[in-house]
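Let's take a friendly walk through this model, looking at burial, salt bridges and a patch on the surface. Have the sequence at hand as you read.

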Amino acid sequence: NNLICANVGDSRAILGSLRTQEDAAIVEQNKGEFQIESVAGPDSSGEKVWISTSLSIDHKPDRADEHERIINTNGRVDPFREENGDPVGPARVWLRTQNVPGLAMSRSIGDLVAASVGVIPEPEFFELTLNESDKFLVIATDGVWEFIDNDE
């Protein structure tokens, strides 16, 4: 009944659970205590509520702890910039003085250039005990999560 999620990068895993209205109220009051949980909405009967629980946290270079590691390893965190200097897109990891590699995540397996400026292959682990209210897992890349949030 134990679920362990190890994550590197910007793919994400969430758990969908069907809980009572009372449980949903407790989740809403304590949001962020353990995992990032949110109430997605009622089921077809209206008696229970779908709840999404993040099982991983995206490794983005503008996340405070990730940003600090990259800066301390002589890297640079900045979005891509147009010729006129306007920022385009998400924060990316760059070499201090060159516009490479331009990686939009702060953890990756096998990127040697990015590793030279603090991008690490070490996963973060989350563990959760499953119960009968847990119904499904969604594991998807950032290309999916770019268009929908956990509740959808």
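Buried means under 20% relative accessible area, exposed means over 50%, and partly exposed lies in between, with a 1.4 Å probe and protein chains only. By that rule Ile148, at 32% relative accessibility, counts as partly exposed.

A word on the source: this is a predicted model, in which local features need pLDDT of at least 70 and side-chain atom pairs count only at pLDDT 80 or more, while totals for chains, interfaces and linings use all residues. Residues are numbered from 1 along each chain as its sequence is written, and side-chain values use heavy atoms, leaving out hydrogens and water.

**Helix 2**

Helices (DSSP runs of H or I, at least four residues) and strands (E, at least two) are numbered from the N terminus. Helix 2 covers residues 64-72, and its buried residues are Glu66, Arg69 and Ile70. They sit on the same side of helix 2 because they cover an arc of only 95° around the axis, the arc being that of the directions from the helix axis to the C-beta atoms. This buried set packs against strand 5 (75-81) and strand 6 (87-95), where contact means heavy atoms within 4.5 Å. On the face turned away from the buried side you will find the exposed residues Ala64 and Asn72. After helix 2 comes Asn74, with a positive phi near 70°.

**Salt bridges**

The structure holds eight salt bridges, each a side-chain nitrogen of Lys or Arg within 4 Å of a carboxyl oxygen of Asp or Glu. Here are some of them:

| Pair | Closest N and O atoms |
|---|---|
| Asp58 and Arg12 | 2.6 Å |
| Glu66 and Arg107 | 2.9 Å |
| Arg81 and Asp78 | 2.9 Å |

The Asp58 and Arg12 pair ties together parts that are 46 residues apart in sequence, because Asp58 lies in the loop between strand 4 (48-54) and helix 2, and Arg12 in strand 2 (residues 12-20). Both Asp58 and Arg12 are buried.

Glu66 in helix 2 and Arg107 in the loop between strand 7 (101-103) and helix 3 (112-115) are 41 residues apart. Glu66 is buried at a relative accessible area of 0%, and Arg107 is buried at 9%.

In the third pair, Arg81 is partly exposed at 36% relative accessibility, whereas Asp78 is buried at 18%. Salt bridges that share partners also join Arg63, Asp65, Glu66, Arg69, Arg107 and Glu124 into one network.

**A nonpolar patch**

Back to Ile148, which is found in the segment after helix 4 (142-145). Together with Val144 and Phe147, Ile148 forms a nonpolar patch on the surface with about 280 Å² of accessible area. Patches are made of residues with over 30% relative accessible area and no salt bridge, joining like charges within 9 Å and nonpolar side chains (Val, Leu, Ile, Met, Phe, Trp, Tyr) within 5 Å. Accessible areas come from the Shrake-Rupley method with a 1.4 Å probe, and for residues only the protein chains shown count as cover.
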